[in-house]
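The following note is offered for colleagues who will read the sequence and the coordinates side by side. The points are numbered for ease of reply.

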Amino acid sequence: MLRRFCRTANGLRRVMNLWPPLLFSGIQIMEMSEDYRYMKARLRNWPLTRNLHGAQFGGSLFAMTDAAYSLMLNGLMSKKYYVWDKSSHIDFIKPGRGEVYIECHISSEQLAEIQERTKEGEKFFPEFEVRIFDKSGETVAIAKRVIYVRLKPSFRPPKVPATE
């Protein structure tokens, strides 16, 4: 039944907004384009998302970047690919006061490179940078996400035996 709601980007956005790790963390996907190439999310300014200094908790800032590119690439790459988060890193620039946001984009060039680098069944690890910003547009943190992408075995070309 869940797959029925996730057939479109808007359906996926609605389901993800009810997913407990996002819902109870104050994270909301505000927009997702129907072609999965753009997403905007926010971290609400809740008492439970703030640290003892009143700024947004660093773990909450990092969590809002967690599923962004994996979700988008899963929508773009259909059911032919494995798409998982591989690694990530975050640099905190300034305290996030109030609501904070991310906007994520996947360009045609990035998508073409992923498809080219994986067409023979190889693993590829594209990197994406996510800027977390406040209402005034000032950068709060920058996260780097590395994604694992690979064709599923049934979609890989047959292996050619090595000649001696």
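1. Does Trp84 count as buried, partly exposed or exposed, and at what relative accessibility? Trp84 counts as partly exposed, because its relative accessibility is 46% and the partly exposed class lies between 20% and 50%. The model discussed here is a predicted one.

2. The ring partner of Trp84 is Tyr82. The two form a stacked aromatic pair, with 5.0 Å from centre to centre and 20° between the planes. Tyr82 is likewise assigned to the partly exposed class, at 29% relative accessibility. Five aromatic pairs are found in the structure.

3. A further pair is formed by Phe125 and Tyr148. Their ring centres are 5.9 Å apart and their planes stand at 55°, so this pair is tilted. Phe125 belongs to the loop between H6 and E5, whereas Tyr148 belongs to strand E6; the pair therefore ties together parts that are 23 residues apart in sequence. The two rings also fall into separate burial classes: Phe125 is partly exposed, with a relative accessible area of 33%, and Tyr148 is buried, with 15%. Ring pairs link Tyr82, Trp84, Phe125 and Tyr148 into a cluster.

4. The overall layout should be stated for orientation. The protein chain contains six helices and six strands, and their order along the sequence is α-α-α-β-β-α-α-β-β-α-β-β. Its C-alpha atoms fill a box of roughly 65 × 35 × 25 Å along the principal axes. Of the 164 residues in the chain, 40% are buried. Among contacts between residues at least 6 apart in sequence, 65% join residues at least 24 apart.

5. Which residues of helix H6 are buried? Within H6, which spans residues 108–118, they are Leu111, Ile114 and Thr118. These residues cover an arc of only 60° around the axis, and therefore sit on the same side of H6. As general background, an α-helix has 3.6 residues a turn, so residues three or four places apart point the same way. The cover over the buried residues of H6 includes H5, strand E3 (81–92), strand E5 (127–134) and strand E6 (139–151).

6. Helix H4 may be examined in the same manner. Its buried residues are Ser60, Leu61, Met64 and Thr65. Viewed down the axis of H4, they fall within an arc of 145°, so they line one face of the helix.

7. How many cavities of 30 Å³ or more does the structure hold? There is one, and the volume of the largest cavity is about 60 Å³. Its lining consists of Leu22, Ile27, Ile29, Met39, Ala41, Ala63, Met64, Ala67, Ala68, Leu71 and Ile102. Met64 thus appears both in this lining and among the buried residues of H4.

8. The origin and character of that lining also merit attention. Strand E1 (27–32), strand E2 (38–43), helix H4 (58–66) and helix H5 (68–76) each supply at least two of the lining residues of the largest cavity. By class, the lining comprises 11 nonpolar residues, with no polar and no charged ones. Helix H5 therefore deserves a look in two places, because H5 contributes to the lining of the largest cavity and is also part of what covers the buried residues of H6.

Terms used: Residues are numbered from 1 along each chain as its sequence is written. This is a predicted model: local features need pLDDT of at least 70, side-chain atom pairs count only at pLDDT 80 or more; totals for chains, interfaces and linings use all residues. Side-chain values use heavy atoms; hydrogens and water are left out. On a 1 Å grid over the protein atoms alone, a cavity is a set of points where a 1.4 Å probe fits but cannot get out, and a pocket is an open set with protein on both sides within 12 Å along at least five of seven lines; lining residues have an atom within 4 Å of a point. Grid points are joined across faces, edges and corners, and a volume is the space filled by probe spheres set on the points. Helices (H or I, at least four residues) and strands (E, at least two) are DSSP runs, numbered from the N terminus. Ala, Val, Leu, Ile, Met, Phe, Trp, Tyr, Cys and Pro count as nonpolar, Asp, Glu, Lys and Arg as charged, and the others, Gly among them, as polar. Buried means under 20% relative accessible area, exposed over 50%, partly exposed in between (1.4 Å probe, protein chains only). The arc is that of the directions from the helix axis to the C-beta atoms. Contact means heavy atoms within 4.5 Å. Rings of Phe, Tyr and Trp (its six-membered ring) pair if their centres lie within 6.5 Å; planes under 30 degrees apart count as stacked, over 60 as edge-to-face and the rest as tilted.
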